[in-house]
Structures are given as structure tokens and as C-alpha cells.
Amino acid sequence: MLKPFGFGILATLVTVSSVMTPAAAQNPPKPTVTPAPEAQFIPRARVELKGDRVNIMLVNKTNAAISYQAVGDTQVRTLPGRGTVMLQGLRVPTTLTLDRQDSGLLQVTPKQSQKALGTIEVTLETNTDLGTDSPTMRVEENGSIFLY
């Protein structure tokens, strides 16, 4: 025959858990909201857009070939060392990825073209500082240009 205990295991667990529950219930975890890029970073440059399109001129001043892609607009392409290419009519927002094929670092310098409205001239140079390597460029609808 079973003898009854004054406090059963189940009663103890309920008592212990109810003591712990209020502290957790009083401070529920806050949902994390990732701020938009323009709230996290300062734009490196701005471009005056014509509608919802942008042109990007890449000027490779390195001796290395650079793979690039306008995500959603182009496939991966290769820009030879000391080469230049014009990407026209890219939808904004747009993200441009860059990768030196010799695994070197890149110094990416975007600026508004003085010759053509809605065009960004992007100079690609060698870099030795990992902290300033920027293999991704993003152009927002408001013309802000961010480097990551």
C-alpha cells in the first residue's frame, strides 16, 4: 500500500515553478527589430536618380580581375584588371557585389558622375586594410549609397 506524503512531487514542482514564473512573465524578451541600412550607417555618397533606375560605371584600377554582380539584374560577370564597364538601367534599390579574383582587398569609392544624372562612378583600388574592405555596395531609392 502507498502511504501519502504531506507534499507530493507534483505539488512541489507546481509550487517551485509558480515561484519562478512571475519573474520571467514580468520581463518578457523584447522582439529584435533590425533597423534599415540608412538608420545603421552613414551613406558614403549620394546619387541624384532619374526615376527608379541607376547607372553604375565600374573603373578597375587594380591589376586583378574582379567578379561583380548587380543582384537581381545581372549574372556574375568579370571585369579585367585596368578595365571599365557601364551597367545601365539597374533597378533601385540595388545591391552590387564585388570580389577580387586574386583574393585581395578592395577600396571602393563611389561618387555622383559629373557627366550624367543618375550615374555613379565607382573606382576600385587595391586595399591592405581589412577594416575598410567593402565588397558590397547598396543604392537605396533615395539615392543613398552604402558600402558594407
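**Exercise 1. The whole chain**

What percentage of the 148 residues of the protein chain count as buried? Work out the fold pattern and the surface as well.

*Solution.* A word on the model before we start: this is a predicted model, in which local features need pLDDT of at least 70 and side-chain atom pairs count only at pLDDT 80 or more, while totals for chains, interfaces and linings use all residues. Residues are numbered from 1 along each chain as its sequence is written, and side-chain values use heavy atoms, with hydrogens and water left out.

Step 1. Apply the burial cut-offs: buried is under 20% relative accessible area, exposed is over 50%, and partly exposed lies in between (1.4 Å probe, protein chains only). With these, 32% of the 148 residues count as buried.

Step 2. List the secondary structure, taking helices (H or I, at least four residues) and strands (E, at least two) as DSSP runs numbered from the N terminus. The protein chain has two helices and ten strands, and along the sequence they follow the pattern α-α-β-β-β-β-β-β-β-β-β-β.

Step 3. Compute the surface with the Shrake-Rupley method and a 1.4 Å probe; for residues, only the protein chains shown count as cover. The accessible surface of the protein chain is about 9,800 Å², and carbon and sulfur atoms hold 57% of it.

Step 4. Look at sequence separation, with contact meaning heavy atoms within 4.5 Å. Among contacts in the protein chain with a separation of 6 or more, 62% are between residues 24 or more positions apart.

**Exercise 2. Salt bridges**

Find how many salt bridges the structure holds, and describe the one between R91 and D73.

*Solution.* Step 1. Search for a side-chain nitrogen of Lys or Arg within 4 Å of a carboxyl oxygen of Asp or Glu. The search gives four salt bridges.

Step 2. Take R91 and D73, whose side chains meet at 2.9 Å, N to O. R91 belongs to strand β5 (residues 84-91) and D73 to the loop between β3 (66-70) and β4 (77-79), so this salt bridge ties together parts that are 18 residues apart in sequence. R91 is partly exposed at 40% relative accessible area, and D73 is partly exposed at 29%.

Step 3. Move on to D102 and R100, where the closest N and O atoms of the salt bridge are 2.7 Å apart. Here D102 is partly exposed at 44%, whereas R100 is buried at 11%.

Step 4. Add the salt bridge of R138 and E140, at 2.9 Å from N to O. R138 is partly exposed with 22%, while E140 is buried with 8%.

**Exercise 3. A four-stranded sheet**

Which strands are at the edges of the open sheet that contains β2 and β8?

*Solution.* Step 1. Use the pairing rule: two strands pair if DSSP finds at least two bridges between them. The order is β5-β2-β8-β7, with mixed pairing.

Step 2. Read off the edges: β5 and β7 (105-112) each pair on one side only.

Step 3. Fit lines to C-alpha atoms as axes (for helices over the stretch in contact), with angles from 0 to 180 degrees between N-to-C directions. Direction ignored, neighbouring strands of this sheet are turned by 25 degrees against each other on average.

Step 4. Zoom in on β7 and strand β8 (residues 119-127), which pair in the antiparallel sense over eight bridges. T109 has T123 of β8 opposite.

**Exercise 4. Two polar residues on strands**

Which polar contacts do the side chains of N60 and S67 make?

*Solution.* Step 1. Set the criterion: a polar contact is a pair of N or O atoms within 3.5 Å; within protein, one must be able to donate a hydrogen and the other to accept it, and residues adjacent in sequence count only if both atoms are side-chain atoms.

Step 2. Start with N60, in strand β2 (residues 53-60) and buried at 2% relative accessible area. Its side chain makes a polar contact of 2.6 Å with the side chain of T62, and a polar atom of the N60 side chain lies 2.9 Å from the backbone oxygen of A64. Beyond four places in sequence, N60 has contacts including I66, L79 and L124.

Step 3. Turn to S67, found in strand β3 and buried at 15%. The side chain of S67 makes a polar contact of 2.8 Å with the side chain of Q101. Residues that S67 touches, leaving out those up to four places away in sequence, include V76, T97 and Q101.
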